[in-house]
Structures are given as C-alpha cells and as structure tokens.
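Trainee: Got a minute to go through this model with me? I'd like to talk about one threonine and the pockets.

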Amino acid sequence: MNVPRFLLLSAVLIIGALAGAPSRAEPAKTELKLGFVPGPYIDEFKAGVQPELEKKGYRIKYFEFSTGLEANNAVFKSEIDANVMQHTVFLNSYNERQKTDLVGIIHVPTPPMGLYSKKHALGTPIKPGSTVAVPNDPVNLQRALWILRDLGLVEIRDSKPVDVTELDVIKNPGGIKIVPLEAAQAPRALDDVDFAAIQGNFAIYSGLNLTNAFALEKMTTPYINVVAVKRGNAESAWTQDIVAGYKSETFKAAIRSDRFYDGFTLPDYLK
C-alpha cells in the first residue's frame, strides 16, 4: 500500500515530538496547612494573607495548638506546612535543643511582652516583696527579666537565651518573688500574683490591652515573630506566595486600618 509522503512525514514529526516531550509535572500544591497558638496571628493571616493566597488558587486549612513546641513539632514532622507564633530566638533555641531545621521566612506584626496586674492600679510603684509571674522557658524568661531590669527592680547577668534561669538574677534589692510558670498560664495567674510578665499574644488573647501594661518590653528584631517552615521548603513556590501575601497591599491595609494593632511592633515592610 502506498502511503502519501506528507502523511509519513507528519507521523515522524508527531512521534519525534512525543519522544522529546518532558514528563508531565506533578500537580502544584493547592492546600496549605497553617498552625497557630492562641493570639492575634491567625486573625492577621485571615484578614490580609488568606485573600491573596485564595486568588492564586490555594485552600487554607488552619490548625491551633496550645504550645509552641507542639506547633514546631507539627512543622518538623510535615503534619502542617508552616506556623506563625514564635520569634527567631525561640526558633533557634528549639532547633538547637531538638536538632531540627526550621527557619523563619518573614516577620509578622507582633505585640510586645508586657507587665500586667489586676491587684495594683496602673502607675503605682511596684512594692518590695511583690510576686511576679514569668515564663518558665529560658528564652522568654530572659525577656521578662529584662523588663524587670529596665524598671530598676533587679540586675541580671548576661547569659545565652537557652541557658537563662532565675539564678541569673544577681541583685534583687526589693526582694521581688519570681514565679516561673507556663507562658500560656500567665494571664490566669493575675488573680494570684501581684504582677505577671505576659507575652503579647497571650495577653491579647485573654482580653488585656497593651495600653494597660505597667511596662512593655523594648522589642528588637530577633523578638518579632516569624512564619516558620522546614528549611527545605524555604524557597518553594508556596512559601514565596505566603511571603508575597504578607507584603501585599491587602495585608498592609488590613493592619493599618485596624486600631487593634496599635502598639504592635511592625516589620520593616509595614513601616
């Protein structure tokens, strides 16, 4: 049977094209699993980042944890993709102790730690012998001790954040009684102690206002919270889309238009 030459040529071209075609790419990631602890970070995300991600076709699934350790373990085990709840110093401490490889990809608006009281009126002096609840994890204990130091109540030695304990208080002329406890329990402790040094997210979650703090920490960049992912995912397309969501005009407008965020420490991209 004689086959027309143009049909033979067409067949050769088609076969060649199929042979040289790359294998089909895996489907793009379309679902993002985000973890949070009690505080304002999930609301920030929903207000300004989620809309941007949904425009790009992502579905967002939220997970809430009671502690930062649980949230970090979930990222490390790939049970979730990212979490938003910790500063870089805490993250580095977690990596050092757990031999993990989580990294921060972008800073987020963060309320500072503050010293609060239900028993004493704002502006009254802190009396000798007062009891002060502080976080029991070394990194955030150091932040609480810095607040007491800046108020002139104690003197502390310089220590690595992961090694800080109450023993780092080297002078305590007023006999301040320091009571370490789980950070999330600090707001409840206000009924039992004179003062409590409370991380900003837990303060806000419990209904406290930053403007009602006896003192707020002088927050520096390493203590501004971050979005954390596994190091191997730091350059992935979905990770960069999360970063773009935070830097979007939608997110900036959501933060700038809401007085709730007054007093928060803002990342450079929001200044």
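Mentor: Sure, we'll take the threonine and then the pockets. This is a predicted model, where local features need pLDDT of at least 70, side-chain atom pairs count only at pLDDT 80 or more, and totals for chains, interfaces and linings use all residues. Numbering runs from 1 along each chain as its sequence is written, and side-chain values use heavy atoms, with hydrogens and water left out.

Trainee: Is Thr110 buried or exposed?

Mentor: Thr110 is buried, because its relative accessibility is 2% (buried means under 20% relative accessible area, exposed over 50%, partly exposed in between, with a 1.4 Å probe and protein chains only).

Trainee: And what does the side chain of Thr110 reach at 2.7 Å?

Mentor: That's the backbone oxygen of Val108. A polar atom of the Thr110 side chain also lies 2.9 Å from the backbone nitrogen of Asn225.

Trainee: Switching to pockets: how much space lies in the largest pocket?

Mentor: About 490 Å³, a volume being the space filled by probe spheres set on grid points joined across faces, edges and corners. A pocket is an open set of points on a 1 Å grid over the protein atoms alone, where a 1.4 Å probe fits, with protein on both sides within 12 Å along at least five of seven lines; lining residues have an atom within 4 Å of a point.

Trainee: Which residues are closest to its centre?

Mentor: Of the 30 lining residues, Gly68, Leu69, Phe90, Asp137 and Asn140.

Trainee: And the second largest pocket, how much space there?

Mentor: About 170 Å³. Its lining includes Ile204, Arg259 and Phe264.

Terms used:
A polar contact is a pair of N or O atoms within 3.5 Å; within protein, one must be able to donate a hydrogen and the other to accept it, and residues adjacent in sequence count only if both atoms are side-chain atoms.
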